[in-house]
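Please look over the sequence and the model below before reading on. The paragraphs that follow take one helix and two loop positions in turn.

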Amino acid sequence: GVKPFEHPNEAEVHLDARSVELWNKNLNLVTNPDFSQAGHWEGIYQSEKYPVAIGGSPPAVDKVSIYDGALAMNLSRQCAESNGMACLSDAIAITPKTRYRLSFKYKSNGPSQHVFVKGYTPEKNIRGETVMREIDRRQVSPTGATGDGWREVVCDVNPGHPYFPVVELRIDLFAYLKPGTILFRDVTLKDVGEPTDIAGDKALQAPVTRPAARKD
């Protein structure tokens with residue numbers, strides 16, 4: 001009884017004329033994209049979560065910090081070959097059913113980057129509080145060490161869900177696989193117009209709409 005699944009188009013980038021025009025004129029939606037100040041990014045390793053601070057030297061082993069105008073991660077072998085290390089951006093408000101383009105530069109003497117863009121929708125938890133639930137995730141194709149040079153990565157993001165609106169994004173700078181230091185800079189996310197594909201899954205059932213409570 002499983003029906004066909006329609007997966008979003010995962011092509012890295014669609015450089016149509018309209019998207020290029022919008023990329024050139026629209027504002028960057030990322031807060032602290034050049035890591036010129038502390039905060040607005042959260043370092044994550046195993047159970048550790050902390051606001052990223054500016055340091056006067058490269059980060060200690062298995063730590064994240066802002067150093068020399070870039071976000072720096074220092075991965076031990078144990079870290080790289082197990083959980084990896086991440087740094088999560090502040091929430092970015094978006095317009096549903098819109099395509100976005102992500103660009104960043106990274107430099108690595110070992111670790112691979114595997115960046116994610118996570119999409120969220122609001123929902124009520126069991127206490128009746130509104131919380132943000134992750135319902136969409138775009139994976140940037142992983143790439144490895146760059147030697148002494150910087151490498152730019154660009155991809156399109158089509159946030160979407162068959163039934164719920166994706167209203168926020170977070171950029172997850174993730175590194176793993178090999179030990180060493182990896183640096184990120186110039187993180188950019190912009191609205192580039194109409195989506196190139198929309199998520200759909202005919203096997204999913206629409207959410208149940210509960211009847212309104214009687215008042216008499």
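What follows is a walk through a predicted model, beginning with a helix and ending with two backbone positions in loops.

Helix 1 spans residues 17-25, and among its residues Ser19, Leu22 and Trp23 are buried, that is, each has under 20% relative accessible area. When the helix is viewed down its axis, the buried residues of helix 1 fall within an arc of 105°, so they line one face of the helix. The spacing behind such a pattern is a general one: an α-helix has 3.6 residues a turn, so residues three or four places apart point the same way. Ala17, Asn24 and Lys25, by contrast, lie on the other side of helix 1 and are exposed. As for what the inward face meets, the buried residues of helix 1 pack against strand 8, which covers residues 100-108, and against strand 14.

Strand 14 also leads to the loops, since Leu177 sits in the loop between strand 13 (168-176) and strand 14 (180-191). Although Leu177 is a residue other than glycine, its phi is positive, near 85°. How accessible is Leu177? With a relative accessibility of 44%, Leu177 counts as partly exposed.

Gln46 likewise is not a glycine, yet has a positive phi, of about 50°. Its place is in the loop that runs between strand 2 (41-45) and strand 3 (48-51), and with a relative accessible area of 46% Gln46 is partly exposed.

Definitions and conventions: Residues are numbered from 1 along each chain as its sequence is written. This is a predicted model: local features need pLDDT of at least 70, side-chain atom pairs count only at pLDDT 80 or more; totals for chains, interfaces and linings use all residues. Side-chain values use heavy atoms; hydrogens and water are left out. Helices (H or I, at least four residues) and strands (E, at least two) are DSSP runs, numbered from the N terminus. Buried means under 20% relative accessible area, exposed over 50%, partly exposed in between (1.4 Å probe, protein chains only). The arc is that of the directions from the helix axis to the C-beta atoms. Contact means heavy atoms within 4.5 Å.
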